[in-house]
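The exchange below works through a protein model by question and answer. Please keep the sequence and the coordinates at hand while reading.

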Amino acid sequence: MHISEGVLSPTVLMAGAALTAAGCWIGYRKLQYDKIVTASVLSATFFVGSLIHVPLGPSSVHLLLNGIAGVVLGWVAFPCILVALLLQAVLFQFGGLSVLGVNTVNVAAPAVLCFYLLRPLLAGGPGRAAVAGFLGGAGAVFGTALMTALSLALSDEGFLTTARLVVVGHLPVMIIEGVVTMFAVGFLARVRPELLAGFGRLQHGNAGGQSC
């Protein structure tokens, strides 16, 4: 879902760069040493998963896998997605450097939002975590499609039709990513629940509440 260079207005480009800088600053502050390997693996997974593109006007559709990044990493998804998009822009000319900020915030912000909305489900056992995975995978794609469409529509009213196509074109991707993320998160909840970003905090909070 990369927006190409030369499409967006300067105002949208600057707003995207500022929001991405803020998100990455928060993400780096929250990145703990023991999460570096997990963050690297998910950044590489995002890089590979989003390489297969189907052109759609000035944008394109492909697997994102930002939902699982958000559910597992929270704010750390911002720098992970920035690194993957930067490498794609430099190595394969997907998107571009001038639109890197907009593309990053369009993908990472919905992932972080899903993390905050769904983390109460993550500590409810593998079944609820799997449901959270489906909602996170599908919701993150839907949010990214909406933000991409909004970026296009705010830049030029002539992109309104393309903006609608971006949202409609990603409906099948939402279902596919929801299913993929559901199985991935359900598996993690069974074998390594501590990897899920909201699990440890909620467990600690529950333990603290019981001790009081």
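The questions that follow concern a predicted model.

Q: How are helices α2 and α3 oriented relative to each other, parallel or antiparallel?
A: Helix α2 spans residues 36–49 and helix α3 spans residues 66–73; their axes lie 10 Å apart and form an angle of about 170 degrees. Angles over 145 degrees count as roughly antiparallel. The two helices are therefore roughly antiparallel.

Q: What kind of residue makes up the contact of α2 with α3, and how many are nonpolar?
A: From α2, the contact involves Thr38, Ala39 and Leu42. These meet Ile68, Ala69, Val72 and Leu73 of α3. The contact contains no charged residue and 1 polar residue, and the nonpolar residues number 6.

Q: How many residues of α3 are buried?
A: The buried residues in α3 are Asn66, Gly67, Ile68, Ala69, Gly70, Val71, Val72 and Leu73. Helix α3 is thus largely enclosed by the rest of the structure, and the count of buried residues is 8 of the 8.

Q: Which helix supplies the largest share of the largest nonpolar core?
A: The largest nonpolar core has 20 residues, and Ile68, Val72, Leu73, Leu122, Ala129, Val185 and Leu196 have the most contacts inside it. At least two residues of this core come from each of α2, α3, α5 (100–122), α6 (126–155) and α8. The largest share is 4 residues, and the helix that supplies it is α3.

Q: Which residues does Ile68 touch, leaving aside those up to four places away in sequence?
A: Ile68 is one of the residues with the most contacts inside the largest core, and Ile68 is also buried. Beyond its sequence neighbours, the residues touched by Ile68 are Leu42, Thr181, Ala184 and Val185.

Q: Which residue just after α3 has a positive phi, and what is its value?
A: On the other side of α3, in the loop between β2 (59–61) and α3, lies Leu65. Leu65 has a positive phi of about 60 degrees although it is not a glycine, and it is buried at 14% relative accessible area. Just after α3, the residue with a positive phi is Gly74, at about 65 degrees.

Q: Is Thr20 buried or exposed?
A: Thr20 belongs to helix α1 (residues 10–30). Not counting residues up to four places away in sequence, Thr20 touches Phe78, Leu82, Gly101, Thr104 and Val105. Buried means under 20% relative accessible area. The value for Thr20 is 5%, so Thr20 is buried.

Q: Is Ile175 buried or exposed?
A: Ile175 is part of helix α8 (residues 171–191). Its C-alpha atom is 8.3 Å from that of Phe134, although 41 residues separate the two in sequence. Exposed means over 50% relative accessible area. The relative accessibility of Ile175 is 54%, so Ile175 counts as exposed.

Q: What percentage of residues 130–153 is helix?
A: An unreviewed UniProt entry lists residues 130–153 under "transmembrane region", together with 6–28, 35–56, 68–87, 94–118 and 165–189. For residues 94–118, the end C-alpha atoms lie 31 Å apart and the span is 76% helix and 0% strand. For residues 130–153, the end C-alpha atoms are 34 Å apart, strand is 0% and helix is 100%.

Methods: Residues are numbered from 1 along each chain as its sequence is written. This is a predicted model: local features need pLDDT of at least 70, side-chain atom pairs count only at pLDDT 80 or more; totals for chains, interfaces and linings use all residues. Side-chain values use heavy atoms; hydrogens and water are left out. Axes are lines fitted to C-alpha atoms, for helices over the stretch in contact, and angles run from 0 to 180 degrees between N-to-C directions. Angles under 35 degrees count as roughly parallel, over 145 as roughly antiparallel, 65 to 115 as roughly perpendicular and the rest as oblique. Contact means heavy atoms within 4.5 Å. Ala, Val, Leu, Ile, Met, Phe, Trp, Tyr, Cys and Pro count as nonpolar, Asp, Glu, Lys and Arg as charged, and the others, Gly among them, as polar. UniProt positions are given in the numbering used here, feature names are shortened, and annotations may be inferred rather than shown by experiment. Buried means under 20% relative accessible area, exposed over 50%, partly exposed in between (1.4 Å probe, protein chains only). A nonpolar core is a set of buried Ala, Val, Leu, Ile, Met, Phe, Trp, Tyr and Cys residues joined through side-chain atoms within 4.5 Å.
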